[in-house]
Amino acid sequence: MTQATAIIGEESGLGQRFNYWVQERVRRRRGSAELPLTLEYRHIYVMPTRFGFWFGMLLALTVLGGLNFNNNMTLMLGFLLAATAQLTTVLAYRNLVGIRIDAIRAKPVFAGEPACFKVLLKNPDDRHRFAIQAVSPESVDCIDMLAQDTGQTSLLQMTSARGWMEMDAFRIENRFPLGLFRAWSVVIPKARCLVYPKPASHPPALPKTGRGDFGAAHQGEGEQLHGLREFQPGDPLRRIAWKTSARHQKLYSRVMESPSEEACELNWYLMGSGDTEEKLSILTSWVLRAEHRQIPYSLEMPGDALPADLGEEHRDACLKILALFKP
């Protein structure tokens, strides 16, 4: 059983309802968290874990047995274990208090993929922090932090629809040192992830309308210089770079290129009637395919348009328009 399964599995029934009640109470009293957020004493709750609960039951039975049989060694053992357990509540609290949540970031994903929220943590104190966990309804991540150190935890959240997806509330918690008590703090973040439309599985062929004035050039006959290479038999004499050849005492030929004239126009108005989400899914596939093939592409949408271009910035700009499109 993985750590995530164990922790999430423990939160069932009464535990889930209690966590939900605490979350809603925090939402009413404090609202969404403004980052950076430092975990102070009023933000932290301490409660026994399931293991701590059964440990307490066993400890109570041990003390009752010692009292019943008037066994001083049993009573001393019970009181020693009780004092140790009580001390762990302070250690669990001190291991969490003072940690600062600096930022939460998430890269865009496609609908149906899990969004990965990076929670950036800072330990401003001169002591180590052990087993600091970030817990969301769908994932768990755990790190140790050195003194005056920074750390990062990753929380996954499944996506279903395009557009902005708000991050769910999560907890920063720890069960250090013995796992008897859990100190935790609820965080309701102002963080979101951009979700692109899901690409179509079998989209139509790329439309060939439009003209590319730039983009991936084709080497061969052309008027623009691409670079130099060593002279090879059969190269035209007019291609020899005489100055460079004289400087290096070796013949070099010019490699010419011609700009690509191929382009495609991704036009919402030329797609005809149909389901909006299906058309957005096809346009998303076309953007990815044109970028992969290095074919300049333009995008024409109601209320927005981008000229033909290539590159990651152009691709992300097109996908953002598709993600936030409102019919």
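1. A residue counts as buried when its relative accessible area is under 20%. In this predicted model, Asn-123 has a relative accessible area of 0%, and it is therefore buried.

2. Asn-123 is found in the loop that runs between strand S5 (114-122) and S6. Leaving aside residues up to four places away in sequence, Asn-123 touches His-128 and Arg-129, and also Met-145, Leu-146, Ala-147, Gln-148 and Asp-149.

3. Strand S5, which comes before this loop, pairs with S8 in the antiparallel sense over nine bridges, and within this pairing Val-119 has Thr-153 of S8 as its bridge partner. Thr-153 belongs to the covered face of strand S8 (residues 150-158), together with Gly-151, Leu-155 and Gln-157, whereas Thr-150, Gln-152, Ser-154, Leu-156 and Met-158 make up the uncovered face.

4. Strand S6, on the other side of the loop, is part of an open sheet of five strands, which has the order S2-S11-S10-S6-S7 and antiparallel pairing. Strand S2 (45-48) and strand S7 (140-145) stand at the edges, and because each has a single partner strand, one side of each is left without a neighbour in the sheet. On average, and with direction ignored, neighbouring strands of this sheet are turned by 30 degrees against each other.

5. At the S2 edge, the partner is strand S11 (residues 181-187), and the two strands pair in the antiparallel sense over four bridges; one of the residues to follow here is Val-46, whose bridge partner in S11 is Ala-183. Helix H4 (residues 72-96) lies across S2, S11, strand S10 (170-174) and strand S6 (129-135), and the helix runs at about 30 degrees to S11.

Definitions and conventions:
Residues are numbered from 1 along each chain as its sequence is written. This is a predicted model: local features need pLDDT of at least 70, side-chain atom pairs count only at pLDDT 80 or more; totals for chains, interfaces and linings use all residues. Side-chain values use heavy atoms; hydrogens and water are left out. Two strands pair if DSSP finds at least two bridges between them. Axes are lines fitted to C-alpha atoms, for helices over the stretch in contact, and angles run from 0 to 180 degrees between N-to-C directions. Contact means heavy atoms within 4.5 Å. Buried means under 20% relative accessible area, exposed over 50%, partly exposed in between (1.4 Å probe, protein chains only).
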